[in-house]
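Visitor: I have a model open here and would like to talk through a few of its local features. Could you take me through them?
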Amino acid sequence: MAFDTESYLREQKAIVDKTLDEFLPPEDTMPKVIHRAMRYSVFAGGKRIRPILAMAAAKAVGGKEEVLLRPACALECIHTYSLIHDDLPALDDDDLRRGKPSCHKQFGEANAILAGSALLTLAFQILSAYPPGKEHAAARARAVEEISRAIGAAGMIAGQAVDLEMQDREFTEEEILYIHLHKTGALIAVSLKLGGILSGAEEEALAALEETGKKLGLCFQIVDDVLNVEGDARALGKATGSDASARKATYPALFGIPQSQKRAKALTDEALDAMKDWGEDAEPLRGLARYLLARSS
């Protein structure tokens, strides 16, 4: 029987959402506006791809998904922080996120900045504590180090900075690749690697997970670029055509839609080929790779 990726995603999302609800302070906790803004953005309808990838990666290398659940939630906090800040007028200037007003439109720019920063801080609070126990101390420390590198000035922030720099300019494939691998790919790659680190995987397996994650991250962003051109704005929950209006560096802008889709398919095939000998426990991760290529939102 073929693996049911849609059911797996629904089940895992429900588990992640429940755990995130436990981590986030209630809305009536002072300062109320910040906690409302944090919850508003986290529970705005995300698919929880990054934490689910981390749990699937753990399973693929013989680890336990439940051990990854709490640290994986830190990835969603980081992702949501990045979206809140990306939407700000000084960066991508988006009024909608997942079909709802962006955090800064709902709560004001100052509160959005604070809410995003609070989510980033919460992420490292979680990572420093889970999984608990002295036996996991070294793995927790490495997880913090790897994630810090992936989302810092040499990772996700670097991608955002170059993305802004390239707007309204001529750009090359090398520059697009840099932006995508850092702005989007770095967090997705480290999500897979996190699953391996906290499962005690050997260095060879960690390297394989990270390389697979880079391919999936690049595929994810190319698909996003394509959807921004020809996707359904209602399904996406945000306006389409914004990349072209801002003259952003994207694959469709340089290569067109058919070539971009071909590249995304090739990346997925490469990722699946890398996982071909991983055994049955890697089937959730294979299913997620196929899903990321075929998604419509």
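Guide: One convention before the loops: helices of at least four residues and strands of at least two are DSSP runs, numbered from the N terminus. Please also keep in mind that this is a predicted model. With that numbering, Pro31 is found in the loop between α1 (5–23) and α2 (32–42).

Visitor: OK, and what is the peptide bond from Met30 to Pro31 like, cis or trans?

Guide: That bond is cis, and its omega is near -5°. As background, most peptide bonds are trans. The bond from Tyr130 to Pro131 is cis as well, with omega near -5°, and Pro131 lies in the loop between α6 (109–129) and α7 (137–151).

Visitor: Switching to backbone angles, which residue in the loop between β1 and β2 should I look at?

Guide: Arg98 lies in that loop, which connects β1 (96–97) and β2 (100–101), and its phi is near 55°, a positive value in a residue other than glycine. Most residues other than glycine have a negative phi. Arg98 counts as partly exposed because its relative accessible area is 22%, which falls between the limits of 20% and 50%.

Visitor: And what about phi of Asp168?

Guide: Phi of Asp168 is near 65°, again positive in a residue other than glycine, and Asp168 sits in the loop between α8 (156–166) and α9 (173–183). Asp168 is exposed, because its relative accessible area is 52% and the cut-off is over 50%.

Visitor: Now the helices: how do the axes of α10 and α11 cross?

Guide: The axes of α10 (residues 185–197) and α11 come within 7 Å of each other and cross at roughly 150°, so α10 is roughly antiparallel to α11. The crossing of α10 past α11 is right-handed.

Visitor: Which residues make that contact?

Guide: From α10 they include Ile188, Ala189 and Leu192, and from α11 they include Leu209, Leu216 and Phe220. Taken together, the residues of this contact divide into eight nonpolar, five polar and three charged.

Visitor: Last one: is Asp225 buried or exposed?

Guide: Asp225, which is found in helix α11 (residues 203–230), counts as buried because its relative accessibility is 2%, and the cut-off for buried is under 20%.

Visitor: Which side chain does Asp225 meet in a polar contact?

Guide: The side chain of Asp225 is joined to that of His180 by a polar contact of 2.7 Å.

Definitions and conventions. Residues numbered from 1 in each chain as written. Predicted model: local features only at pLDDT ≥ 70, side-chain atom pairs only at ≥ 80, totals over all residues. Heavy atoms only, no water. Buried < 20%, exposed > 50% of the residue type's maximum accessible area, 1.4 Å probe, protein only. Polar contact = N/O pair within 3.5 Å; in protein donor to acceptor, adjacent residues only side chain to side chain. Axes fitted to C-alpha atoms, helices over the stretch in contact; angles between N-to-C directions. Parallel < 35°, antiparallel > 145°, perpendicular 65-115°, else oblique. Left-handed = near helix turned anticlockwise from the far one by under 90°. Contact = heavy atoms within 4.5 Å. Nonpolar A, V, L, I, M, F, W, Y, C, P; charged D, E, K, R; others polar.
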